[in-house]
Amino acid sequence: MSLTAIDAILGPQQPGSYPDANDDEALDAYSRAVTSVVERLAPSVGNLRVSRRSRGGRTFDGGGSSVVVTADGYMLTSAHVVDRTDGTGRASFVDGREVDFEVVGADALSDLAVLRADARDLVAAELGEAERLRVGQLVVAIGNPHGFAGSVTAGVVSALGRSLPTRSGANVRLVDNVIQTDAALNPGNSGGALADGRGRVVGINTAVAGVGLGLAVPVNAATRRIIAALMADGRFRRAYVGIAGGPRPLPPRLARELGQSAGVEIVEVVDASPAARAGLRAEDLIVSIDGRPIASVDELHRLMVSDAIGRTLAVSVIRGGRRLSVELVPAELEG
């Protein structure tokens, strides 16, 4: 092979021998989109060092990341990031600032927490709407696991409508409509932002689903209500009925009559619970609540919000082949 051919493959070897070029022109559309999101959002993503009490006193450990949502210091993160802490810590940002924060409220069953930083001039991110995402859409995961240098991965939405099991004490719930993405999450990125191509936060990164995969709690109407409640009251109230159950197909005749294929069969009723007081029994099949069809446990959970606490609900059940209506008054879920 001639030297001319070798030079063609290797390119210019001497410093300064490259032709002048505008770096922006070398960026393709994908790169420009990602760098634009990073430039817009990185100042709003903080690194968290959470405070824990120990025998030796107070220690600060690396916790995760956070997203600033108001200029006067409110931040979002994952509830598990601030679990088992004394409710305080320090947040640092890419501009070199480091500020103290305190936990305003956390909701383990949605894996969301609201913090308040001791600052009034932070750069707030814009919240987007996860319901508008489409599979294959560009997303960028931004965290701040190292304090003054953010971490960025980019990819696409690989699945929507996933569910994420969460636990608070003996209570187990599913976070609905979780976003699955191949924008891999690095250690310390929990609580950071998942953004769309315009730099709007559409999710809070929460867990690693597997090699090259990540999950994010969506920013949607349901989670906005949780965030608002945490900011205002420090907690999010949920209704409790006291049953364990699972989906069960309806007999063909009932399925045709009701226009639905399944209901929720009660497996267990907790003693002295609202369900027990209403007269619900094991093997009852719940088919509707307040006129809304119930075909899965998830649909039942979606109705158990603060508005249902203390309100009389008409529950339609199938018992022994007969359709009955009982009155159920949910209580507030504790713990």
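Guide: A residue is called buried under 20% relative accessible area, exposed over 50%, and partly exposed in between. What we have here is a predicted model, and its 335-residue protein chain has 43% of its residues counted as buried. The chain's secondary structure comes to seven helices and 20 strands.

Visitor: Why is Arg-49 called partly exposed?

Guide: The relative accessibility of Arg-49 is 30%; since partly exposed lies between 20% and 50%, Arg-49 belongs in that class.

Visitor: What makes the pairing of Arg-49 with Glu-98 a salt bridge?

Guide: The closest N and O atoms of Arg-49 and Glu-98 are 3.5 Å apart, and the cut-off asks for a side-chain nitrogen of Lys or Arg within 4 Å of a carboxyl oxygen of Asp or Glu, so the pair qualifies as a salt bridge. The two residues sit in distant parts of the chain, 49 residues apart, with Arg-49 in strand β1 (residues 45-54) and Glu-98 in strand β5 (residues 98-107). Glu-98, at 42% relative accessibility, also counts as partly exposed. In general terms, side chains of opposite charge can pair when their charged atoms come close.

Visitor: How do you know that Asp-72 and Arg-116 meet in a salt bridge, and what parts of the chain does the pair tie together?

Guide: Their N to O distance is 3.6 Å, which is within the 4 Å that the rule requires. Because Asp-72 lies in the loop between β2 (57-68) and β3 (74-77), while Arg-116 lies in strand β6 (residues 112-117), the pair ties together parts that are 44 residues apart in sequence. Asp-72 has 31% relative accessibility and counts as partly exposed, and Arg-116, with a relative accessible area of 22%, is partly exposed as well.

Visitor: What makes Glu-332 and Arg-237 a salt bridge, and where do the two residues lie?

Guide: The side chains of Glu-332 and Arg-237 meet at 3.2 Å, N to O, again within the 4 Å cut-off. Glu-332 lies in strand β20 (residues 331-332), and Arg-237 lies in the loop between α4 (221-233) and β13 (239-240), so parts that are 95 residues apart in sequence are tied together. At 32% relative accessibility, Arg-237 counts as partly exposed. A search of the whole structure finds 15 salt bridges, and Asp-95, Arg-97 and Asp-121 are linked in a network of such bridges.

Visitor: Why is Leu-300 called buried, whereas Leu-160 is called partly exposed?

Guide: The relative accessible area of Leu-300 is 7%, which falls under 20% and therefore meets the rule for buried. Leu-300 is found in helix α7 (residues 297-303) and, leaving out residues up to four places away in sequence, touches Ile-243, Ile-289 and Ile-294. Leu-160, placed in strand β8 (residues 151-168), has a relative accessible area of 33%, a value between 20% and 50% that gives the class partly exposed. Beyond neighbours within four places in sequence, Leu-160 is in contact with Leu-133, Arg-134, Val-135, Val-178 and Ile-179. Of these, Arg-134 is 26 residues apart from Leu-160 in sequence and 7.8 Å apart in space, C-alpha to C-alpha.

Visitor: What makes the lining of the largest cavity nonpolar, polar or charged by class?

Guide: The largest cavity, about 30 Å³ in volume, is lined by Val-241, Ile-243, Leu-280, Ile-286, Leu-300, Val-315 and Leu-328. Val, Leu and Ile count as nonpolar, so the lining comes to seven nonpolar, no polar and no charged residues. The count of cavities of 30 Å³ or more comes to one.

Visitor: What makes the phi of Asp-111 worth pointing out?

Guide: Most residues other than glycine have a negative phi. Asp-111, in the loop between β5 and β6, has a phi near 55 degrees, which is positive although the residue is not a glycine. Its relative accessibility of 8% is under 20%, so Asp-111 counts as buried. Asp-290 likewise has a positive phi, of about 50 degrees, and sits in the loop between β16 (285-289) and β17 (292-293). With a relative accessible area of 37%, however, Asp-290 is partly exposed.

Key
Residues numbered from 1 in each chain as written. Predicted model: local features only at pLDDT ≥ 70, side-chain atom pairs only at ≥ 80, totals over all residues. Heavy atoms only, no water. Helix = DSSP H or I, 4+ residues; strand = E, 2+ residues; numbered from the N terminus. Buried < 20%, exposed > 50% of the residue type's maximum accessible area, 1.4 Å probe, protein only. 1 Å grid on protein atoms, 1.4 Å probe; cavity = no way out; pocket = protein on both sides within 12 Å on 5 of 7 lines; lining within 4 Å. Points joined across faces, edges and corners; volume = space filled by probe spheres on them. Contact = heavy atoms within 4.5 Å.
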